Amino acid sequence: MVQRTVLKVDLSCKKCKKQLLKAVSALQGIDKIEADAAKGTLTVTGNADPYEIIVRTRKTGKFVQVVSIGPPPPPPKQDGQKKPEQKAPILHYPCSCPLCDRMTVVHVDRCQDPITGCSIL
């Protein structure tokens, strides 16, 4: 039976989104995966077990909250008149988030001694 599972997940950077999509897409029976960073939701449609989707999402280190699990919505009806499509604004996300960064960059001032220009600690 085809189900639609909607999860609330923090997708603060592209790396988080990529890891999440990679982990969930490995499951059998997935038809469609949508990750919306603006809303912070992950929508999975297919025959995959919702429990397995939640487990895979949590293994990426993300906190997961279940929004809904149920049948997918019916497809929209085709009208004779098509509405003009509006382009969504392009959002620029940082390369990584604090959860992804495990390494701290420390700036060291190499000119601590004005005479030699070098210091050995």
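The side chain of S25 reaches back along its own helix in this predicted model, with the backbone oxygen of L21 at 2.8 Å. A polar atom of the S25 side chain also lies 3.2 Å from the backbone oxygen of K22. S25 itself belongs to helix α1. Is S25 buried, partly exposed or exposed? S25 counts as partly exposed, because its relative accessibility is 44%. If you would like a reference point farther along the chain, try R56: S25 and R56 are 31 residues apart in sequence, and their C-alpha atoms are 9.5 Å apart in space.

**The overall layout**

Let us step back to the whole chain. The protein chain contains 2 helices and 4 strands, and from the N terminus on these elements follow the order β-α-β-β-α-β. The protein chain has 121 residues, of which 23% count as buried. About 10000 Å² of the protein chain is exposed, with carbon and sulfur atoms supplying 56% of that area. Contacts that span a long stretch of sequence are well represented here: among contacts with a separation of 6 or more, 69% come from residues 24 or more positions apart.

**The sheet**

In what order do the 4 strands of the open sheet lie? The order is β2-β3-β1-β4, and the pairing is antiparallel. The edges are formed by β2 (30-36) and β4 (64-70), each of which pairs on one side only. From one strand to the next, the twist averages 15°.

Two of the strand pairs are worth a visit. β1 (residues 3-9) pairs with β4 in the antiparallel sense over 6 bridges, and within this part of the sheet K8 stands opposite Q65 in β4. The strands β2 and β3 run antiparallel and are joined by 6 bridges. These two strands form a hairpin with 4 residues between them, and G40 in its turn has a positive phi of about 75°. K32 has T45 in β3 as its bridge partner.

**The helices on the sheet**

Helix α1 (residues 14-25) lies across β1, β2 and β3 (41-46), and runs at about 165° to β2. Helix α2 (residues 50-59) also packs on the sheet, where it touches β1, β3 and β4. The direction of α2 makes about 25° with that of β1.

**Three residues of β3**

Strand β3 gives us a neat set to look at side by side: L42, T43 and T45 all have their place in it. The table lists the relative accessibility of each residue.

| Residue | Relative accessibility | Class |
|---|---|---|
| L42 | 0% | buried |
| T43 | 13% | buried |
| T45 | 17% | buried |

Why does T45 count as buried? T45 has a relative accessibility of 17%, and the cut-off for buried is under 20%, so T45 falls in that class.

The contacts of these residues, leaving aside neighbours within four places in sequence, fill in the picture. L42 is in contact with T5, V6, L7, V9, L20, L21, V24, I33, E34, A35 and T57. One of those partners, L21, is 21 residues from L42 along the chain, and the two C-alpha atoms are separated by 8.9 Å. T43 touches R4, T5, V6, K32, I33 and E34. T45 is in contact with V2, Q3, R4, I30, D31, K32 and P72, and K32 in that list is also the bridge partner of T45.

**The nonpolar core**

In soluble globular proteins, nonpolar side chains tend to be buried together. Which residues make up the largest nonpolar core here? There are 12 of them: L7, V9, L11, L20, V24, L27, L42, V44, A48, I53, I54 and V64. At least two residues of this core come from each of β1, α1, β3 and α2.

V64 is a useful member to follow. Setting aside neighbours within four places in sequence, V64 is in contact with L7, K8, V9, I54, T57 and R58. Among these partners, L7, V9 and I54 are core members as well. L42 belongs to the core too, and its contacts include the core residues L7, V9, L20 and V24.

Notes. Residues numbered from 1 in each chain as written. Predicted model: local features only at pLDDT ≥ 70, side-chain atom pairs only at ≥ 80, totals over all residues. Heavy atoms only, no water. Pairing = 2+ DSSP bridges. Axes fitted to C-alpha atoms, helices over the stretch in contact; angles between N-to-C directions. Contact = heavy atoms within 4.5 Å. Core = buried A, V, L, I, M, F, W, Y, C linked by side-chain atoms within 4.5 Å. Buried < 20%, exposed > 50% of the residue type's maximum accessible area, 1.4 Å probe, protein only. Polar contact = N/O pair within 3.5 Å; in protein donor to acceptor, adjacent residues only side chain to side chain. Areas by Shrake-Rupley, 256 points an atom, 1.4 Å probe, with all protein chains shown as cover.
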